[in-house]
Amino acid sequence: NRFLNTPADILNQNWLYYSGYLVGAIELLLGAGLLIRKTQVISAKALIAMHVFILFFVGSYGIVFRVLWPWNISMMFLLYCLFLNRNENISVFAPIFKGYNKLMILFWGILPALGLFGYWDRFLSSDLFSGNFPEMVICVGDVNACKPLEPFCYNKDTPNTCHGLRILDIQRLTLMQTGVSAYPEVRTYKIIQEKLERRYPLAGLNFVYIIK
């Protein structure tokens with residue numbers, strides 16, 4: 001709504017909400033089309049058009065996700081090199097079983113499946129945009145005792161977790177300091193917790209973990 005000025009009465013309709021699933025299904029079908037020689041070219045062209053639209057939308061409406069630019073551009077480059085810049089269609093499956101390429105089966109087939117049971121990282125299990133990640137909420141008891149963190153604190157509770165205390169936005173903090181978001185795994189959060197507690201012992205920091 002903020003970028004497209006879509007009326008609220010349209011945004012609240014079920015057909016618009018569930019159309020998002022249709023977009024994902026179309027992308028999945030186009031990806032499957034790359035596996036079939038007869039449909040590789042048309043699928044590659046359609047997917048490149050999809051990535052162009054994503055970049056146009058991101059750039060035109062000011063949605064700044066820096067990782068999306070190299071990601072989408074690299075996908076277009078790979079699609080062109082693998083499926084359009086050749087005279088004949090290629091066999092997708094044959095190279096997988098050659099030499100060290102067999103490791104692809106392990107890292108992109110077997111190990112990601114373990115993520116369904118909590119034995120493999122979510123980000124490494126094709127689960128990037130699910131939002132189903134562990135979260136760490138940091139309640140700040142005394143902002144004056146951790147002044148460098150004050151610009152990254154806000155008052156909104158999530159929900160009733162900090163009981164009126166200010167909350168440290170850990171994602172914004174890590175983005176500003178490192179250029180990337182905090183890796184959403186409990187072991188990573190524990191390292192951040194240890195460092196913050198050691199640096200700001202008087203701030204009354206309370207760490208709440210939300211496991212989804």
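**Notebook: sheet, helices and single residues**

I began at one rung of the sheet: C139 has N206 as its bridge partner in β4. I am working from a predicted model.

**Entry 1, the sheet.** I looked up how C139's strand meets β4. Strand β1 covers residues 135–140 and pairs with β4 in the antiparallel sense, over five bridges. α7 packs on this sheet and touches β1, β3 (166–168) and β4. I noted the angle too: the direction of α7 makes about 175 degrees with that of β4.

Then I took the sheet as a whole. I find four strands in an open sheet, in the order β2-β3-β1-β4, with antiparallel pairing. Which strands stand at the edges? They are β2 (153–154) and β4 (206–210). Each has a single partner strand, so one side of each is left without a neighbour in the sheet.

**Entry 2, strand β1.** I checked the other partner of β1. Three bridges join β1 to β3, and the two run antiparallel. I138 is a good residue to follow here. In β4 it stands opposite F207. In β3, I138 stands opposite L168. I also asked how many of the residues of β1 are buried. Five of the six are, so β1 is largely enclosed by the rest of the structure.

**Entry 3, helix α6.** I listed the buried residues of α6: I170, L173 and T174. Why do they fall on the same side of α6? They cover an arc of only 90 degrees around the axis, which puts them there. I then looked for what covers these buried residues, and the cover includes β1, β3 and α7.

**Entry 4, L149.** I found L149 in the loop between β1 and β2. Is L149 buried or exposed? Its relative accessible area is 4%, so I count L149 as buried. I looked up its contacts, leaving aside neighbours within four places in sequence: L168, L173, L196 and Y200. Two of those names were already on my page. L168 is the β3 residue opposite I138, and L173 is one of the buried residues of α6. I also took a distance from L149 to M136. The two are 13 residues apart in sequence and 16 Å apart in space, C-alpha to C-alpha.

**Entry 5, E185.** I moved on to the loop between α6 (170–178) and α7 (186–199), where E185 is found. E185 is buried yet has no salt bridge. What is the nearest side chain of opposite charge? It is R187, at 4.3 Å. The cut-off for a salt bridge is 4 Å, so this pair does not count as one. Leaving aside neighbours within four places in sequence, I find E185 in contact with D121 and R122.

**Entry 6, N72 and A49.** I looked at two helix residues last. N72 is found in helix α4, residues 68–84. N72 has 4% relative accessibility, so it counts as buried. Not counting residues up to four places away in sequence, N72 touches H51, I54 and L55.

A49 lies in helix α3, residues 40–60. With a relative accessible area of 45%, A49 is partly exposed. I took its spacing to M76: 27 residues apart in sequence, and 8.7 Å apart in space from C-alpha to C-alpha.

Notes. Residues numbered from 1 in each chain as written. Predicted model: local features only at pLDDT ≥ 70, side-chain atom pairs only at ≥ 80, totals over all residues. Heavy atoms only, no water. Buried < 20%, exposed > 50% of the residue type's maximum accessible area, 1.4 Å probe, protein only. Lys, Arg positive; Asp, Glu negative; His and termini not counted. Contact = heavy atoms within 4.5 Å. Pairing = 2+ DSSP bridges. Axes fitted to C-alpha atoms, helices over the stretch in contact; angles between N-to-C directions. Arc of directions from axis to C-beta.
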